[in-house]
Every structure is written in C-alpha cells, then in structure tokens.
Amino acid sequence: MKKIITAVLVFTLFQTMHAQKGFKPLFDGKTTTGWHTYGKTSASAGWKVEDGVLHFDPEAAKNGQGGDLVTDAEYENFHLKVDWKIAPNSNSGIIFYVNENPEKYKNTYETGLEMQVLDNDGHPDGKITKHRAGDLYDLIQSKSEPVKPVGEWNTAEVVCKNGKLTYVLNGVIVVETTLWDDNFKALVAGSKFAAWPGFGTFKKGKIALQDHGNNVWYRNIMIKEWNTMETTTGCK
C-alpha cells in the first residue's frame, strides 16, 4: 500500500509541475479518457492501462481489438511531450495532424506526420534511412540518434507552431523544418506519400499512438497549446 501511495503522490507531483509550466496531461494514468481507437468511439482492448502507463498489447488486440489510439480533441499549435519505450524488434509511432475521416482515410498515417518509435537494431525499418527512431518518418532523417537502448524509456517532444516543426528526443533537437512550404512539398513528393493527396496537408488534427502490431508503452503524455499567432522558432 505504501508503494501505491508513493506512486500516486509522485504522479500527482509530476502533473502539477507540468501544469505550472502550461502543460496539461493528455493521459490521466488510470483510464483512456480523452482517447479512442481511430474510427471508433472508445479505446480498443489492445490498449491497456497498467501502473500509470499506456501499453499496446498485441495479444489483447486479437479479434479486431487493435488500431491506433487517437485523441478526442484536435490540436493546431502545440508542444507535446511523451515518454515511450518499445519491445525488442518492434515498431510504433507518434502521429499528429491526423484528420479522422475513416471513410476517406483508412489509417491515421494517411494524413498525419509521424515521429518514428523503433528498435533501430532489431526492426527491419532500422536499415532504412528516415525510418529510424526520432526521424520525421520517410521525410527527414534525425540530425543525431540520442535514442536509448531498446526497453529503456525515452522522452519525445513534438513542437508545432505556425508551421515550424521541431522534434526533440531525450533533450536533443533531432529534426527542425518548416511545414507546408515548397521545400516540404518537395520532401513529400520524393517520399512514399507522394501519391497520397491528404498526407501532411492538415494544419490542425488529432494526435495518435500507433498500433504496429508490437508491444509499446507510453506515459507522461502532456501538451501545451499556444493561442497567440506570433511566429517563433518552435521550442521557445
């Protein structure tokens, strides 16, 4: 009981610290409130809450209980923080600016941009440039690879502000770019998404955690939104 009380106090303190900085939790550590499976009204059984952590369990996802988990709300200018760890040989992703229109787009990644979550050494995607952990998937390779060994927790940050996109992995800026300009359109045109008309075009959308059929864990999911339209370099 003492350990449980201590864990609750630590989690509450963590939430309070981030709330003071303008962040609010997207995951309460106890339920999937605020989330649902893409194209559905609630979270599928494949997404389990375990000791303050969201766990995608492929065994529990059998019989149609999988799918990407998406936020109920949409976000435009935001700073997202999330911890992740992944099982050996596994793949997942943090996807954003998702337009949830399952009749038109069958999957979150048909519209949303992705920060790759991967076991670089164990998964086949680790051999593909722009598909490694921290990359802007299939568009921009990370400047460096501060990802921790498989099975350890990483802290990812996605900062989107007025078209400026910054990825931070474990405190290191790994991707910086501008969305929707001619350079971005050229990146898309040279990618696997070239023939996908909705990909990367939405400037407001939902945030998704990807079911890639592998064990993955997420925790401490926090977001800060900006209401001003002042253009900055992203993190500040």
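**Close-up views of a predicted model**

**View 1. Two charged side chains sit over tryptophan rings.** The charged end of Lys85 sits over the ring of Trp217, 5.3 Å from the ring centre. Arg219 makes a similar placement: its charged end sits over the ring of Trp153, at 4.0 Å from the centre. The model is predicted.

**View 2. The whole chain, for orientation.** The protein has 236 residues, and 49% of them are buried. Its secondary structure consists of two helices and 13 strands. Take the contacts between residues at least 6 apart in sequence: 68% of these join residues at least 24 apart. The accessible surface is about 11,300 Å². Carbon and sulfur atoms account for 52% of that surface.

**View 3. The largest nonpolar core holds 46 residues.** Phe78, Ile94, Phe96, Tyr218 and Ile221 have the most contacts inside this core. Strand β6 (residues 78-86) gives the largest share, five residues. A second, separate core has six residues, including Val70, Ile95, Val98 and Ala208. In soluble globular proteins, nonpolar side chains tend to be buried together.

**View 4. The surroundings of Ile94.** Residues up to four places away in sequence are not counted here. Ile94 touches Leu80, Val82 and Trp84. Leu113, Glu114, Met115 and Val117 are also among its contacts. Ala156, Ala208, Leu209 and Tyr218 complete the list.

**View 5. Phe78 and Tyr97 form an aromatic pair.** A search of the whole structure finds 12 aromatic pairs. In this one, the ring centres of Phe78 and Tyr97 lie 5.8 Å apart. Their planes meet at 70 degrees, so the pair is edge-to-face. Phe78 belongs to strand β6 and Tyr97 to strand β7 (residues 91-98). The two residues are 19 apart, and the pair links distant parts of the chain. Phe78 is buried, at a relative accessible area of 0%. Tyr97 is buried too, at 2% relative accessibility.

**View 6. Tyr97 also pairs with Trp180.** The centres of these two rings are 5.6 Å apart. The planes stand at 50 degrees, so this pair is tilted. Tyr97 is in strand β7, while Trp180 is in the loop between β11 and α2. They are 83 residues apart, and the pair links distant parts of the chain. Ring pairs join Tyr75, Phe78, Phe96, Tyr97, Tyr167 and Trp180 into a cluster.

**View 7. Two loop residues other than glycine have positive phi: Trp180 and Lys130.** Phi of Trp180 is near 75 degrees. The loop of Trp180 runs between β11 and α2 (182-189). Trp180 counts as buried because its relative accessibility, 17%, falls under the 20% cut-off. Phi of Lys130 is about 75 degrees. Lys130 lies in the loop between β8 (113-118) and β9 (154-161). Lys130 has a relative accessible area of 30%, so this residue is partly exposed.

**View 8. Thr177 in strand β11.** The strand covers residues 172-178. Thr177 has a relative accessible area of 11%, so this residue is buried. Neighbours within four places in sequence are left aside in the contact list. Thr177 is in contact with Leu136, Ile140 and Gly163. Lys164, Leu165 and Asn183 are its other contacts.

Technical notes
Residues numbered from 1 in each chain as written. Predicted model: local features only at pLDDT ≥ 70, side-chain atom pairs only at ≥ 80, totals over all residues. Heavy atoms only, no water. Helix = DSSP H or I, 4+ residues; strand = E, 2+ residues; numbered from the N terminus. Buried < 20%, exposed > 50% of the residue type's maximum accessible area, 1.4 Å probe, protein only. Contact = heavy atoms within 4.5 Å. Areas by Shrake-Rupley, 256 points an atom, 1.4 Å probe, with all protein chains shown as cover. Core = buried A, V, L, I, M, F, W, Y, C linked by side-chain atoms within 4.5 Å. Phe/Tyr/Trp six-rings, centres within 6.5 Å; stacked < 30°, edge-to-face > 60°. Lys NZ or Arg CZ within 6 Å of the ring centre and 35° of its normal.
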